[in-house]
Amino acid sequence: MFDNNVFIENSCQNTVEDGKIIGYEMQTYITYYRGIPLSMVNNIRVTTDGAEVPRENIRCSVDGGEYWFTLDEMKTVVEHKWEFGEPMIVRVMKDGGLEKGSHEVDLNVIVRTAYIPVPLDGHKTRTVEIA
């Protein structure tokens with residue numbers, strides 16, 4: 001229903017820390033019309049050029065990158081809330097990030113809500129260009 005919220009266009013880029021490329025990241029909006037605590041994020045999957053990223057290599061932040069959580073840590077995070085209209089940064093930890101050129105990146109965001117009995121599943125694939 002909110003698939004157009006998933007994977008904000010032109011948000012995919014390599015992540016540089018201390019002069020070193022440590023991975024790549026993209027942004028997504030929530031696939032729901034209200035905010036939720038991070039503990040209600042069921043799962044996030046990233047597939048790049050046909051290869052699924054291991055779950056343990058994904059990190060997320062909803063406060064512009066001040067606090068980062070693994071998907072397993074997010075299961076217990078209730079003090080950080082992902083608000084409607086605020087982007088979540090999804091980071092993939094990968095030495096060297098993405099090589100220059102075109103890549104097909106698929107982002108799947110699955111969230112739970114308080115009163116809908118099934119998880120909401122948002123999905124978007126984009127071809128991204130890394131300069």
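Gly96 is placed in the loop between E9 and E10. The structure described here is a predicted model. With a relative accessibility of 40%, Gly96 counts as partly exposed. Although Gly96 and Val16 are 80 residues apart in sequence, their C-alpha atoms are 9.2 Å apart in space. When its neighbours within four places in sequence are left aside, Gly96 is in contact with Asn14 and Ile21.

**Salt bridges**

Side chains of opposite charge can pair when their charged atoms come close. In this model the count comes to 5 salt bridges. Three of the pairs are set out below.

| Pair | Closest N to O distance |
|---|---|
| Glu17 and Arg91 | 3.3 Å |
| Lys20 and Asp95 | 3.9 Å |
| Lys75 and Asp72 | 3.6 Å |

What separates the two partners of the salt bridge between Glu17 and Arg91 along the chain? In this pair, whose closest N and O atoms are 3.3 Å apart, Glu17 belongs to strand E1 (residues 13-17) and Arg91 to strand E9 (residues 88-93), so the salt bridge ties together parts that are 74 residues apart in sequence. The surroundings of the two residues can also be described. Glu17 is partly exposed, its relative accessible area being 40%, whereas Arg91 is buried, at 9% relative accessibility. Glu17 and Arg91 also belong to a network of salt bridges, in which they are linked with Glu25.

The side chains of Lys20 and Asp95 form another salt bridge, at 3.9 Å from N to O. Lys20 lies in strand E2 (residues 20-28), while Asp95 lies in the loop between E9 and strand E10 (101-111), so this pair ties together parts that are 75 residues apart in sequence. The loop that holds Asp95 is also the place of Gly96. Lys20 is partly exposed, with a relative accessible area of 47%, and Asp95 is exposed, with a value of 63%.

A further salt bridge joins Lys75 to Asp72, with 3.6 Å between the closest N and O atoms. Here Lys75 counts as exposed at 53% relative accessibility, while Asp72 is partly exposed, with a relative accessible area of 47%.

**An open sheet**

In which order do the 4 strands of the open sheet stand? The order is E5-E4-E10-E11, and the pairing is antiparallel. The edge strands are E5 (51-52) and E11 (120-130), each of which pairs on one side only. Strand E4 (residues 41-48) and E5 run antiparallel and are joined by 2 bridges. Across from Ala51 in E5 stands Thr48.

**Cysteines**

How many disulfides does the structure hold? The number is 0. The case of Cys12 shows why a bond is absent: its sulfur is 14 Å from the closest cysteine sulfur, that of Cys60, which is too far for a bond. A disulfide requires the two sulfur atoms to be within 2.5 Å. Cys60 likewise takes part in no disulfide, the nearest cysteine sulfur being that of Cys12, 14 Å away. Are these cysteines buried or exposed? Cys12 counts as buried, at 11% relative accessibility, and Cys60 is also buried, with a relative accessible area of 1%.

Conventions:
Residues are numbered from 1 along each chain as its sequence is written. This is a predicted model: local features need pLDDT of at least 70, side-chain atom pairs count only at pLDDT 80 or more; totals for chains, interfaces and linings use all residues. Side-chain values use heavy atoms; hydrogens and water are left out. A salt bridge is a side-chain nitrogen of Lys or Arg within 4 Å of a carboxyl oxygen of Asp or Glu. Buried means under 20% relative accessible area, exposed over 50%, partly exposed in between (1.4 Å probe, protein chains only). Two strands pair if DSSP finds at least two bridges between them. Contact means heavy atoms within 4.5 Å.
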